[in-house]
Amino acid sequence: MSRRPYEYLLSVGSNIEPALWIPRGLAFLKRRFDVRAVSPSYDVPAEGLTEQPAFVNLAVRLSTDLPPRPLRMACRTIEALCLRVRTEDRNAPRTLDLDVAYGAEPWTVAEGLPDPDLIRCGYVLVPCADIWPEALEPAAGLTLRALVEERFPDWAAEHLRPEDV
């Protein structure tokens, strides 16, 4: 008997050849999961070590029978296939970053979801809200769209990539 599918939002980013690695990462995701939606992409200045290229960030909504931990492991495998090198510096440049940002099931809170960056960082929240605006962030008790309006009302207009306008 198969489990019913779980719905997730992934935060996707790259600042090393994003025009190459983001499409490859999306292709791997589409081969492995039921990708329901992909957000527009955004140009975002690097945090921390600012002498590096800006990031391209977006979000993916997908459905899978995997719970959060195995999904994270699958994302790490895809990152490795895209030559991602993990270092101690969480702000280091990368070919591809795939983070599980949100899970629709109430029990995913015990699995560390939603990711704290979902409500802290515009580059995670805004793309996620673009493709699942009615998703409810449990701690805030607000939809993702309401959180964008409250915390980052002008962020999208400032960072939307020209090809997505």
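Start by selecting Leu 10, Leu 29, Phe 33, Val 60, Leu 62 and Leu 71: in the largest nonpolar core, which has 23 residues, these six touch the most other members. Keep in mind as you look around that this is a predicted model.

Now colour the pieces of chain that feed this core. At least two of its residues come from each of β1 (6–14), α1 (18–32), β4 (55–64), α2 (68–81) and β5 (97–103). As a rule, in soluble globular proteins, nonpolar side chains tend to be buried together.

Next, zoom in on Phe 33. What does Phe 33 contact once its neighbours within four places in sequence are set aside? Show Leu 62, Ser 63, Thr 64 and Leu 66, then add Leu 71, Ala 74 and Ile 78, and you have the set. Two of these partners, Leu 62 and Leu 71, are on the list you started with.

Ready for the other core? Select Leu 118, Val 124, Cys 128 and Phe 152, which are among the 22 residues of another core lying apart from the one around Phe 33.

Now hop over to Gly 103, a residue of strand β5. Is Gly 103 buried or exposed? Its relative accessibility is 6%, so Gly 103 counts as buried. Show what touches Gly 103, leaving out residues up to four places away in sequence, and you'll get Glu 7, Tyr 8, Thr 108 and Leu 113. While you're there, draw a distance from the C-alpha atom of Gly 103 to that of Asp 117: the two residues are 14 apart along the chain, and the atoms are separated by 14 Å.

Time to zoom out and switch to a cartoon view. You should find six helices and seven strands in the protein chain. Follow the sequence and the order runs β-α-β-β-β-α-β-α-α-β-β-α-α. Among contacts between residues at least 6 apart in sequence, 69% join residues at least 24 apart.

How about the overall dimensions? Along the principal axes, the C-alpha atoms fill a box of roughly 50 × 35 × 30 Å. The radius of gyration is 15 Å, which agrees with the value near 15 Å for a compact globule of 165 residues.

Finish with the surface on. The protein chain exposes about 8400 Å², with carbon and sulfur atoms supplying 56% of that, while 47% of the 165 residues count as buried. Colour by charge for a last look: there are 19 positive and 25 negative side chains, and the centres of the two sets lie 7 Å apart.

Terms used. Residues are numbered from 1 along each chain as its sequence is written. This is a predicted model: local features need pLDDT of at least 70, side-chain atom pairs count only at pLDDT 80 or more; totals for chains, interfaces and linings use all residues. Side-chain values use heavy atoms; hydrogens and water are left out. Helices (H or I, at least four residues) and strands (E, at least two) are DSSP runs, numbered from the N terminus. The radius of gyration is taken over C-alpha atoms; the globule rule is 2.2 Å times the number of residues to the power 0.38. Buried means under 20% relative accessible area, exposed over 50%, partly exposed in between (1.4 Å probe, protein chains only). Contact means heavy atoms within 4.5 Å. Accessible areas come from the Shrake-Rupley method with a 1.4 Å probe; for residues, only the protein chains shown count as cover. Lys and Arg count as positive and Asp and Glu as negative; His and the chain ends are not counted. The place of a charge is taken as NZ of Lys, CZ of Arg, CG of Asp or CD of Glu. A nonpolar core is a set of buried Ala, Val, Leu, Ile, Met, Phe, Trp, Tyr and Cys residues joined through side-chain atoms within 4.5 Å.
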